[in-house]
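Q: Please take a close look at how the helices in this structure pack, starting with one pair and the parts around that pair. Explain each term when it first comes up.

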Amino acid sequence: MKRLNGMDAMLLYSEAPNLHTHTLKVAIVHAADYEGEFTFDVFRKTVARRLHLLDPLRYRLIDIPWKLHHPMWLEDCPVDLDYHLRRVQVPAPGGRRELDEVIGRIASTPLDRSHPLWEFHFAEGMADDRFALIGKVHHTLADGVASANLLARLMDLSGSAADERDEYPVCEDPSTSELLAAAGRDHVAHIAALPGLARDAARGISRLRRGTRERSAHPDMAKMFRTPPTFLNHVISPVRTFATVSVSLAEVKETAKHLGVTFNDIVLATAAGGLRELTLRYDGRADRPLMASVPVSTDLSPDRVTGNEIGGLSVSLPIHIDDALERVRLTSLSTTRAKENYELLGPKLQGQMMEYLPPPLTPVLLRWQSKRAAHNRLMNVAVSSVPGPRERGHIGGAPVSEIYSIGVLSPGSAFNMTVWSYVDQVDISILSDDQTFDDIHEATDAMVHGLAEIRSAAGLPPLSKVDTAMAPAPAAG
């Protein structure tokens with residue numbers, strides 16, 4: 001058994017009927033040149049033969065009697081592949097739009113906590129010999145880095161040796177006395193660590209206040225706890241909408257290099273430009289910067305396939321600025337300041353403090369909040385970037401042409417954008433609810449426009465078509 005850490009537990013406790021806390025991992029298989037027929041049975045056999053490598057998929061949640069501590073993972077549990085692996089049909093003509101609608105429906109239902117917290121849906125009926133493998137994995141199991149490493153274990157990557165077998169160890173359920181004894185030991189360790197944590201917190205807050213005083217406030221940057229209301233910020237509905245698009249990795253890197261900023265600066269500046277377009281359309285104005293929550297991994301180990309080792313940056317997005325190059329400059333400056341604040345406070349402090357969330361009370365408070373939060377004072381949107389494999393992977397011998405990933409929606413924030421770089425592409429996913437956009441693909445269109453506007457202002461060529469990806473799905477009308 002292993003205890004959920006504080007961040008894992010918070011992601012579990014924050015789940016509510018309208019706020020699902022599973023993530024999505026979507027691999028597009030292009031089987032045009034596959035020898036034989038790529039089928040559900042081929043995929044099922046691949047998962048079965050690799051299950052011993054996919055440790056988190058064999059975890060089952062165990063609650064502690066009387067909620068005396070965070071739940072635990074029971075490891076090496078038997079897995080019923082007939083339950084976890086499912087088939088779904090993509091309606092004709094089987095393109096990007098139809099697939100995105102199917103993914104949105106899959107994302108709209110919570111995972112059953114009586115089973116290991118994952119499902120894979122094998123999507124058939126797509127055009128051009130494509131298939132989609134839609135993974136729904138609870139965020140409590142894995143963050144972005146762990147999910148990328150987990151996906152790499154499922155795929156065959158160039159230079160990697162396949163490690164396949166049908167058997168794996170199987171667990172036994174613990175007794176009540178074992179669970180209570182483990183809870184007691186962990187509580188003793190937490191009590192012993194509390195004075196040191198309190199000192200670290202006091203020092204971190206002191207450093208952050210001092211650093212903030214020494215740095216002059218910038219009039220074009222969003223202020224903490226003063227996020228402006230937008231059409232993106234309201235009580236979230238249970239129904240999810242999902243949209244994807246791919247752009248060239250080389251062109252994103254070229255843009256960053258030409259402007260002397262980082263890859264992530266361009267991702268965030270692209271988001272700022274896209275969100276400017278959307279808020280002007282829906283709110284009729286874009287006169288104040290937005291605040292983006294940007295997750296940061298505190299453990300980049302390539303061997304980590306489970307757990308949430310993350311902190312967060314609060315990055316101002318200058319959607320109120322019309323000039324694209326000035327948006328890039330301000331975004332880069334805001335990201336630099338956010339990183340400085342993060343280091344001053346302490347990268348692991350947030351996760352360490354969550355170890356002390358009270359299990360009986362926290363879920364009740366978070367569920368109450370989910371029903372009422374029409375405005376999130378900490379953030380307007382979530383934007384993240386995950387570096388995926390640089391080599392093309394295969395599943396069951398068929399090549400994976402695209403990979404999309406998305407996290408969760410937060411109370412009062414109906415917009416999450418995740419960028420996943422894969423081989424020579426940047427695969428962009430956007431998650432929202434059914435109360436926000438007339439057509440969710442307006443959001444992906446706006447992001448492409450935001451990047452194109454930056455490149456045009458920088459004197460770079462227009463964006464090229466990504467031939468290895470599905471055809472775009474522009475918004476209707």
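A: The text below starts with one helix pair, follows its surroundings, and then turns to some other helices.

The model is predicted, so local features need pLDDT of at least 70 and side-chain atom pairs count only at pLDDT 80 or more, while totals for chains, interfaces and linings use all residues. Residues are numbered from 1 along each chain as its sequence is written, and side-chain values use heavy atoms, with hydrogens and water left out.

Helices and strands here are DSSP runs numbered from the N terminus (helices are H or I with at least four residues, strands are E with at least two). Helix α8 covers residues 263-283 and helix α12 covers residues 441-457; their axes come within 7 Å and cross at roughly 125 degrees. The axes are lines fitted to C-alpha atoms, for helices over the stretch in contact, and angles between N-to-C directions run from 0 to 180 degrees. The crossing angle makes α8 oblique to α12. For that label, angles under 35 degrees count as roughly parallel, over 145 as roughly antiparallel, 65 to 115 as roughly perpendicular, and the rest as oblique. The crossing of α8 and α12 is right-handed. A crossing has that name if the near helix is turned clockwise from the far one by less than a right angle, and is left-handed if the turn is anticlockwise.

Contact means heavy atoms within 4.5 Å. On the α8 side the residues that meet α12 are I266, A269, T270, A271, G273, G274, L275, E277, L278, R281 and Y282, and their partners in α12 are E442, A443, A446, M447, H449, G450, L451 and I454. By class, this contact has 11 nonpolar, five polar and three charged residues. In this scheme Ala, Val, Leu, Ile, Met, Phe, Trp, Tyr, Cys and Pro are nonpolar, Asp, Glu, Lys and Arg are charged, and the others, Gly among them, are polar.

Both helices also help to cover helix α7: the cover of its buried residues includes β8 (240-248), α8, β14 (416-422), β15 (425-433) and α12. Buried means under 20% relative accessible area, exposed means over 50%, and partly exposed lies in between (1.4 Å probe, protein chains only). In α7 (residues 249-259), the buried residues are L249, E251, V252, T255 and A256. The N-terminal end of α7 is capped by S248, with a side-chain oxygen 3.3 Å from the backbone nitrogen of A250. That pair is a polar contact, meaning N or O atoms within 3.5 Å; within protein, one must be able to donate a hydrogen and the other to accept it, and residues adjacent in sequence count only if both atoms are side-chain atoms. After α7 comes G260, which has a positive phi near 70 degrees.

The segment after α12 holds P474. P474 counts as exposed, because its relative accessibility is 53%. Apart from neighbours within four places in sequence, P474 is in contact with R97, H441 and D445.

Two single residues in other helices come next. S370 sits in helix α11 (residues 362-372) and is buried, at a relative accessible area of 2%. A polar atom of the S370 side chain lies 2.7 Å from the backbone oxygen of R367. Beyond four places in sequence, the contacts of S370 are A16, N18, L19 and V235. H84 belongs to helix α3 (residues 81-84) and is buried, with a relative accessible area of 1%. Its side chain reaches the backbone oxygen of W118 at 2.7 Å. Not counting residues up to four places away, H84 touches V79, H115, P116, W118, E119 and F120.

Helix α1 (residues 6-13) has seven of its eight residues buried, namely G6, M7, D8, A9, L11, L12 and Y13. These buried residues pack against β3 (60-62), β7 (130-138), β10 (310-317), α10 (349-354) and α11. At the start of α1, a side-chain oxygen of N5 comes within 3.0 Å of the backbone nitrogen of M7.

Helix α5 (residues 144-154) is largely enclosed by the rest of the structure, because eight of its 11 residues are buried. They are V145, A146, S147, A148, N149, L150, L151 and L154. At its start, a side-chain oxygen of D143 reaches to within 3.3 Å of the backbone nitrogen of V145.
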